[in-house]
Amino acid sequence: MADHQTDKNKPDDTSDYTKYIGKKISFIILTAVALVAVILIATSIGSANLSISEVLEQIINQSGIAWTIRFPRVLVGVVAGAMLAVTGAVMQCILKNPLSEPYTLGLSQAAAFGAAFSIMFLGGGSMYSNSKDAVIISNQYTVTICAFCFCLISTIVILALTSLTRVSPESIVLSGVVMGSIFGAARTGLQYFANEIQLSSMVYWTFGDLSRITWDNLILLVCICVPVLIYFIYNRWNYNAIDAGVDTASSLGVNVNRHVRIGMVLCSLIAALIVSLMGVIGFVGLLAPHIVRWIIGSDHRFVIPASALLGALILLGSDTVARTIISPLVLPVGVITSFLGGPLFLIILIRRYRK
């Protein structure tokens with residue numbers, strides 16, 4: 001009798017599971033299609049508008065404004081947005097904190113201090129205006145390398161501090177807040193003693209801008225980000241176990257502390273690389289994972305790829321808006337993402353307060 005009842009329930013269970021999976025896969029497919037559409041639109045829009053056929057022709061022939069200027073910027077937006085979103089999703093899982101993203105570790109403040117240090121003491125602060133009145137930092141590589149080094153210093157200090165407290169989620173977040181405050185205060189001190197050109201350069205670098213990236217920067221970004229993304233996808237079941245609770249994960253044989261340490265190092269590496277190359281771009285790591293979880297739940301088999309696609313869509317869409325909303329002037333993309341992410345941050349705080 002019991003076997004008969006079990007067999008009778010099988011079709012319903014299978015149907016429910018099919019709907020469960022189908023909804024998530026449908027969301028991923030729709031997001032991917034939307035991303036492709038935004039890639040084509042973003043590449044075609046600019047000072048000289050191109051048709052979609054002209055864009056495809058120039059990309060295939062590797063010539064023209066679409067290939068040399070716009071396509072690298074579009075690809076950078078896709079890669080950076082995807083990885084910022086994935087690192088946000090992983091950090092929110094392993095830290096057990098929905099407000100976690102790469103910037104809660106204080107990496108943006110550390111990178112901004114590194115850029116300010118380079119501009120003031122290493123000659124990276126010379127600026128000029130081009131025909132479109134855009135301000136450009138002349139010695140970009142010095143600024144980028146210095147910002148990256150201070151990102152790594154911040155990461156090492158945070159990991160050293162958290163090792164003394166046995167890697168509790170609260171200690172990691174608090175360590176990030178402390179390091180961010182220290183580097184923020186140090187940067188303010190440098191700005192106080194800087195001259196007008198140095199001060200303008202420091203402020204400009206913190207805006208966040210995708211136009212600084214070259215093909216060489218893009219190759220470096222892809223070579224580092226792809227293996228990290230594969231590692232995160234490979235450990236999707238472990239993140240599901242950790243999301244269910246530390247005790248549950250441990251009972252399933254998951255080494256929680258090891259995954260927290262490795263995950264934090266990789267997230268810090270990606271955040272440091274992106275921030276040092278493009279400046280401060282906030283809230284993408286907060287926006288994409290939360291929107292994905294609201295729509296398809298918290299199963300990391302689907303959250304990680306969906307967050308990557310949605311993060312790329314958000315950053316690329318924001319950059320396209322920033323380039324066109326007051327054309328020919330170009331807004332820093334960090335301004336648009338902050339306007340999008342700020343209200344979401346407040347919503348999350350209110351929801352947590354009510355709980």
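Which residues form a nonpolar patch on the surface? In this predicted model, the patch is made of V321, I325, I326 and L329, which together have about 320 Å² of accessible area. One of these residues, L329, lies in the loop between α13 and α14, a helix that covers residues 333-354. With a relative accessibility of 41%, L329 counts as partly exposed.

From that patch we can step back to the chain as a whole. Its secondary structure comes to 14 helices and two strands, and 48% of its 355 residues count as buried. The accessible surface comes to about 17,000 Å², and carbon and sulfur atoms account for 67% of that area. If we take the contacts between residues at least 6 apart in sequence, 75% of them join residues at least 24 apart.

Before going further inside, a careful reader should ask how confident the predictor is. The average pLDDT of the chain is 79, and 84% of the residues score at least 70. Confidence is highest in α13, at a mean of 91, and lowest in strand β1, residues 127-129, at a mean of 51. Over residues 131-135 the pLDDT stays under 50, and for this stretch the model has nine contacts beyond four places in sequence.

We now turn to the interior. In soluble globular proteins, nonpolar side chains tend to be buried together. Here the largest nonpolar core holds 87 residues, and those that touch the most other members are L221, F232, Y239, I274, M278, I281 and L316. Helix α3 gives this core its largest share, 15 residues. Apart from this core lies another one of six residues, including V55, A66, W67 and F71.

Two members of the largest core, F232 and Y239, also meet each other: beyond its neighbours within four places in sequence, F232 is in contact with Y239 as well as with V86, T87, V90, G263, L266, C267 and I304. Y239 belongs to helix α9, residues 236-243, where N240, A241 and I242 are buried along with it. The cover over the buried residues of α9 includes α3, α8, α10, α11 and α13. After α9 comes G245, which has a positive phi, near 130°.

Another buried position is S154, found in helix α5, residues 140-164. Its relative accessible area is 0%, so S154 counts as buried. Leaving aside neighbours within four places in sequence, S154 is in contact with L105, G106, L107, A110, M179 and F183. S154 and A272 are 118 residues apart in sequence, while their C-alpha atoms are 9.5 Å apart in space.

Finally, we can look at the charged side chains, among which there are three salt bridges. In one of them R73 pairs with D319, with the closest N and O atoms 2.8 Å apart. Because R73 lies in helix α3 and D319 in helix α13, this pair ties together parts that are 246 residues apart in sequence. D319 also forms a salt bridge with R323, where the closest N and O atoms are 3.8 Å apart. These two residues are four apart in helix α13, so they are separated by about one helical turn. R73, D319 and R323 are thus linked in a network of salt bridges. R73 counts as buried at 14% relative accessibility, D319 at 2%, and R323 at 14%. In a further salt bridge, D299 pairs with R301, with the closest N and O atoms 2.7 Å apart; D299 is buried, at 10%, whereas R301 is partly exposed, at 22%.

Methods:
Residues are numbered from 1 along each chain as its sequence is written. This is a predicted model: local features need pLDDT of at least 70, side-chain atom pairs count only at pLDDT 80 or more; totals for chains, interfaces and linings use all residues. Side-chain values use heavy atoms; hydrogens and water are left out. Buried means under 20% relative accessible area, exposed over 50%, partly exposed in between (1.4 Å probe, protein chains only). Contact means heavy atoms within 4.5 Å. A nonpolar core is a set of buried Ala, Val, Leu, Ile, Met, Phe, Trp, Tyr and Cys residues joined through side-chain atoms within 4.5 Å. pLDDT is the predictor's confidence in each residue, from 0 to 100. Accessible areas come from the Shrake-Rupley method with a 1.4 Å probe; for residues, only the protein chains shown count as cover. Patches are made of residues with over 30% relative accessible area and no salt bridge: like charges are joined within 9 Å, nonpolar side chains (Val, Leu, Ile, Met, Phe, Trp, Tyr) within 5 Å. A salt bridge is a side-chain nitrogen of Lys or Arg within 4 Å of a carboxyl oxygen of Asp or Glu.
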